[in-house]
Amino acid sequence: MSKKEKVKSEVSSHNIISLGTKLEGSISLESDIRIEGEINGNINASSKVIVGQTGVVTGNIVCENIDVMGTVVGDIFANSLLSLKSTANVRGNLNTSVLAIEPNAMFEGNCKTINKTQPTA
């Protein structure tokens, strides 16, 4: 194991955009992220994205898995599971291999189920 891999495995790999934080610009990350603030830009994550109840994302999201409890205005490409919780408000297209939508979730757009072997973006 290289030094970089060892440090990466020892460090917590969760990112949080807290309530009251506003981020302008696109971000790329390899670790999980929870968004309770606002992001105006695209998100490209190789792991899980959580948009909390107070979270607002205006931009496209590409990720492995996503739980949406807040607001997303943009397209979502989830390689595995895309879950819209009851408080979710999404305006955009959904592309995923597995979709779960709870009662009362709001969704306006088109949905496409993909084969996991297809590229998502």
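# Exercises on a predicted model

Leu-82 counts as buried, because its relative accessibility is 0%. The structure is a predicted model, and the exercises below work through it from single residues to the sheet.

**Exercise 1. Describe the surroundings of Leu-82.**

Step 1. Place the residue: Leu-82 belongs to strand S12, which covers residues 76–84.

Step 2. List the contacts, setting aside residues up to four places away in sequence. Leu-82 touches Ile-66, Ile-76, Leu-94, Thr-96, Val-98, Leu-99 and Ala-100.

Step 3. Take one of these contacts, Thr-96, and compare sequence with space. Leu-82 and Thr-96 are 14 residues apart along the chain, and their C-alpha atoms are separated by 6.3 Å.

**Exercise 2. Find which backbone oxygens the side chain of Thr-96 reaches.**

Step 1. Thr-96 sits in strand S14, residues 94–101.

Step 2. Decide on burial. The limit for buried is under 20% relative accessible area; Thr-96 has 0% relative accessibility, so Thr-96 counts as buried.

Step 3. Look for polar partners. The Thr-96 side chain comes to 3.2 Å from the backbone oxygen of Ala-78. A polar atom of that side chain also lies 3.1 Å from the backbone oxygen of Val-98.

Step 4. Add the wider contacts. Not counting residues up to four places away in sequence, Thr-96 touches Ala-78, Ser-80, Leu-81, Leu-82, Lys-112, Thr-113 and Ile-114.

**Exercise 3. Work out whether Ile-17 is buried or exposed, and what it touches.**

Step 1. Ile-17 is part of strand S1, residues 14–17.

Step 2. Relative accessibility is 14% for Ile-17, so this residue counts as buried.

Step 3. Beyond its neighbours within four places in sequence, Ile-17 is in contact with Leu-23, Ile-33, Arg-34, Ile-35, Glu-36, Gly-37, Glu-38 and Ile-39.

Step 4. For Arg-34, the C-alpha distance to Ile-17 is 6.3 Å, across 17 residues of sequence.

**Exercise 4. Give the strand order of the six-stranded open sheet and explain what sets its edges apart.**

Step 1. The order is S2-S5-S8-S11-S13-S15, with parallel pairing.

Step 2. Strand S2 (22–24) and strand S15 (106–108) are the edges; each has a single partner strand, so one side of each has no neighbour in the sheet.

Step 3. From one strand to the next, the twist averages 5 degrees.

Step 4. Examine one pair. Strand S5 (residues 38–40) is joined to strand S8 (residues 56–58) in the parallel sense by three bridges. Within this pair, Asn-40 has Thr-58 in S8 as its bridge partner.

Step 5. Recall what holds such pairs: strands of a sheet pair through backbone hydrogen bonds, parallel or antiparallel.

**Exercise 5. Count the disulfides and classify Cys-63 and Cys-111 by accessibility.**

Step 1. A disulfide requires two cysteine sulfur atoms within 2.5 Å. The count by this rule is zero.

Step 2. Cys-63 has 4% relative accessibility and therefore counts as buried.

Step 3. Cys-111 has 40% relative accessibility and therefore counts as partly exposed.

**Exercise 6. Summarise the protein chain as a whole.**

Step 1. The secondary structure consists of one helix and 16 strands.

Step 2. The protein chain has 121 residues, of which 39% count as buried.

Step 3. The exposed area is about 7,000 Å², and 50% of it comes from carbon and sulfur atoms.

Step 4. Consider contacts between residues at least 6 apart in sequence: 5% of them join residues at least 24 apart.

Methods. Residues numbered from 1 in each chain as written. Predicted model: local features only at pLDDT ≥ 70, side-chain atom pairs only at ≥ 80, totals over all residues. Heavy atoms only, no water. Pairing = 2+ DSSP bridges. Helix = DSSP H or I, 4+ residues; strand = E, 2+ residues; numbered from the N terminus. Axes fitted to C-alpha atoms, helices over the stretch in contact; angles between N-to-C directions. Buried < 20%, exposed > 50% of the residue type's maximum accessible area, 1.4 Å probe, protein only. Polar contact = N/O pair within 3.5 Å; in protein donor to acceptor, adjacent residues only side chain to side chain. Contact = heavy atoms within 4.5 Å. Areas by Shrake-Rupley, 256 points an atom, 1.4 Å probe, with all protein chains shown as cover.
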